[in-house]
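User: Could you take a close look at the sheet in this model and at what packs against it? Please state the cut-offs behind each term as you go.

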Amino acid sequence: MAEDDSIELKFRLFDGSDIGPDKYDPSTTVASLKEVILARWPQDKEITPKTINDVKLINAGKILENNQTLSESRVPVGELPGGVITMHVVVRPPQLDKNNEKQLGDAQKQSRCTCTIL
């Protein structure tokens with residue numbers, strides 16, 4: 001990787017902490033970046049993504065697709081010579097399984113209040 005072509009990125013987590021900055025080749029895919037994020041995810045966080053599909057990367061207001069490279073996703077390489085680009089990391093909440101959904105539905109039915117008009 002040529003030093004001039006590399007892109008310096010840091011990843012801002014939901015609580016304001018950062019992972020990085022590190023340099024990446026413009027041909028690096030978004031999926032590869034997500035794997036780096038998973039590998040370097042802080043252990044003290046309550047919310048922890050399990051797979052790359054649990055993570056969304058946002059740059060300049062756009063959600064980046066897994067199959068795109070940094071250059072394809074139009075990361076502004078030339079606009080910030082020598083600067084660090086911050087990408088925001090959003091973690092998708094865990095999916096409820098069928099048992100949890102049923103328990104949640106039952107709890108909502110039990111805690112429902114009713115009004116009677118006389």
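Analyst: What follows describes the sheet, then the helix and side chains that lie against it.

This is a predicted model, in which local features need pLDDT of at least 70 and side-chain atom pairs count only at pLDDT 80 or more, while totals for chains, interfaces and linings use all residues. Residues are numbered from 1 along each chain as its sequence is written, and side-chain values use heavy atoms, with hydrogens and water left out.

The protein has two helices and five strands, which follow the pattern β-β-α-β-β-β-α along the sequence; helices (H or I, at least four residues) and strands (E, at least two) are DSSP runs, numbered from the N terminus. The five strands form an open sheet in the order β2-β1-β5-β3-β4, with mixed pairing, where two strands pair if DSSP finds at least two bridges between them. Because β2 (18–24) and β4 (62–63) each have a single partner strand, they stand at the edges, and one side of each is left without a neighbour in the sheet.

Helix α1 (residues 30–39) packs on this sheet and touches β1 (7–12), β2, β3 and β5, a contact being heavy atoms within 4.5 Å. The direction of α1 makes about 115° with that of β3; axes here are lines fitted to C-alpha atoms, for helices over the stretch in contact, and angles run from 0 to 180 degrees between N-to-C directions.

Within the sheet, β1 and β2 pair in the antiparallel sense over five bridges, and Arg12 stands opposite Asp18 in β2. These two strands form a hairpin with five residues between them, and Gly16 in the turn has a positive phi of about 95°. Strand β3 (residues 55–59) and strand β5 (residues 85–91) also pair in the antiparallel sense, over four bridges, and the bridge partner of Leu57 in β5 is Val89.

Leu57 and Val89 appear again in the side-chain packing: of the 18 residues in the largest nonpolar core, they touch the most other members together with Leu9 and Phe11. Such a core is a set of buried Ala, Val, Leu, Ile, Met, Phe, Trp, Tyr and Cys residues joined through side-chain atoms within 4.5 Å, and buried means under 20% relative accessible area, with exposed over 50% and partly exposed in between (1.4 Å probe, protein chains only). β1, β2, α1, β3 and β5 each supply at least two residues of this core, and β5 gives the most, with four residues. Leaving aside residues up to four places away in sequence, Leu9 touches several residues, among them Pro21, Tyr24, Leu33 and Met87.

The structure holds two aromatic pairs. In one of them, the rings of Phe11 and Tyr24 have their centres 6.2 Å apart and their planes at 65°, so the pair is edge-to-face; rings of Phe, Tyr and Trp (its six-membered ring) pair if their centres lie within 6.5 Å, and planes under 30 degrees apart count as stacked, over 60 as edge-to-face and the rest as tilted. Since Phe11 lies in strand β1 and Tyr24 in strand β2, the pair ties together parts that are 13 residues apart in sequence. Phe11 is buried, with a relative accessible area of 1%, and Tyr24 is buried as well, at 9%.

On the helix side, Val30, Ala31, Leu33, Lys34 and Ile37 of α1 are buried. Seen down the axis of α1, the buried residues fall within an arc of 155°, so they line one face of the helix, the arc being that of the directions from the helix axis to the C-beta atoms. What covers them includes β1, β2, β3 and β5.
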